Amino acid sequence: MRSLTSLRLGRSLIRPNQLETFLAESPNLKELNLAWCENLWWGHFNFPEVDFEPKILVLNALTFGFGLVEALISRSESSLEELYLRNCSEEDDYDYSLEGLRLSNLKKLYLSELDISDDQLTHLLMGAPNLDELELSNCIIHDALLLRDLSFMNLKTLDVGKSTIKADQLKGLLKNAKNLEELDLSYCKNLGDEGLGVLELS
C-alpha cells in the first residue's frame, strides 16, 4: 500500500497492532481518519519506524493516555495542516500537556466537545501560530485565550458556539484576531449584554 495517500477508518474495529502495520506499509499517507474507532481506546501503541507526514489527522472521540494520539500528532508536526480532536477524552490521572508542539503549518483546528485544560489549550495554541480556522464549540473556554503572546492574525473563522465564553475572554480574543471574517457565538449564554457590547466596540 505504498501508493496510498488517504486512509479513512472511522468507526471501524481496527486495533492498535493493525494500525501499526497499516502505517508501516503506507509511508505516503496524507490523510488519516480514525474517528470513533472504539478498539483504539484501549491498549498501547508503538509507532513504526517510518516517515509519517500527513496533512490531515482526524482523531475524534479517541482517548489520550496510551500513546496513540500523542504519537500521531508529534510525528506529524512539520506537515500537519488540519487536526480534528472533537470529543476526545483523557484517561483518569493522565496529563498530556501538549507542551513543546510546533505545528507551524497547521491551518485548521477543531476541538469541539473537548475536555481540555487551560495549560493544554495554551500549549496547543502557542504551537500553532498560523491558524485560519479554530473551532471550540461546546467547550469550557479557559483564560488561555487572553494570553498576550497568542497570535490570531491569520484567523479568519472562529466557532465558539455553545461554549462558556465570557465577555472579557471574547474581548481579548478579538483583540488578537483583527482579520476575523466569520464568528459563531450561537447559544453562548455567558456573554449577555456585555458580550454583545464587545462586538459593537470591535
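**Salt bridges and a nonpolar patch in a predicted model**

User: In this predicted model, which residue forms a salt bridge with Glu135, and how far apart are the closest N and O atoms?

Analyst: Glu135 forms a salt bridge with Arg86, and the pair links distant parts of the chain, 49 residues apart. Glu135 belongs to strand β8 (residues 133–135), whereas Arg86 sits in the loop between β5 (82–84) and β6 (89–90). The partner is therefore Arg86, with the closest N and O atoms 2.8 Å apart.

User: Is Glu135 buried or exposed?

Analyst: A residue counts as buried when its relative accessible area is under 20%. The value for Glu135 is 11%, while its partner in the salt bridge, Arg86, has 26% relative accessibility and counts as partly exposed. Glu135 is therefore classed as buried.

User: How many residues apart in sequence are the parts that Glu31 and Arg8 tie together?

Analyst: The side chains of Glu31 and Arg8 meet in a salt bridge, at 3.2 Å from N to O. Glu31 lies in strand β2 (residues 31–33) and Arg8 in strand β1 (residues 6–8), so the parts tied together by this pair are separated in sequence by 23 residues.

User: Which class of accessibility does Arg8 fall into?

Analyst: The class exposed requires a relative accessible area over 50%. Glu31 has a relative accessible area of 16% and is buried, whereas Arg8, at 59% relative accessibility, counts as exposed.

User: Where does Asp132 lie, and in which strand is Lys108?

Analyst: Asp132 and Lys108 form a salt bridge in which the closest N and O atoms are 3.3 Å apart. The pair ties together parts that are 24 residues apart in sequence, because Asp132 lies in the loop between α3 (118–126) and β8, and Lys108 in strand β7 (residues 108–110).

User: Which residues are linked with Lys108 in a network of salt bridges?

Analyst: Asp132 is partly exposed, with a relative accessible area of 22%, and Lys108 is likewise partly exposed, with a value of 22%. The network of salt bridges links Lys108 with Asp132 and Glu133.

User: How many salt bridges does a search of the whole structure find?

Analyst: Side chains of opposite charge can pair when their charged atoms come close. Among the salt bridges are those of Glu31 with Arg8 and of Glu135 with Arg86. For the whole structure, the search gives a total of four.

User: What is the approximate area of the nonpolar surface patch that includes Leu199?

Analyst: Leu199 is part of helix α5 (residues 192–201) and counts as partly exposed, at 33% relative accessibility. Together with Leu183 and Leu196, Leu199 makes a nonpolar surface patch of about 230 Å².

Methods
Residues numbered from 1 in each chain as written. Predicted model: local features only at pLDDT ≥ 70, side-chain atom pairs only at ≥ 80, totals over all residues. Heavy atoms only, no water. Patch = residues over 30% accessible without salt bridge, like charges linked within 9 Å, V, L, I, M, F, W, Y side chains within 5 Å. Areas by Shrake-Rupley, 256 points an atom, 1.4 Å probe, with all protein chains shown as cover. Helix = DSSP H or I, 4+ residues; strand = E, 2+ residues; numbered from the N terminus. Buried < 20%, exposed > 50% of the residue type's maximum accessible area, 1.4 Å probe, protein only.
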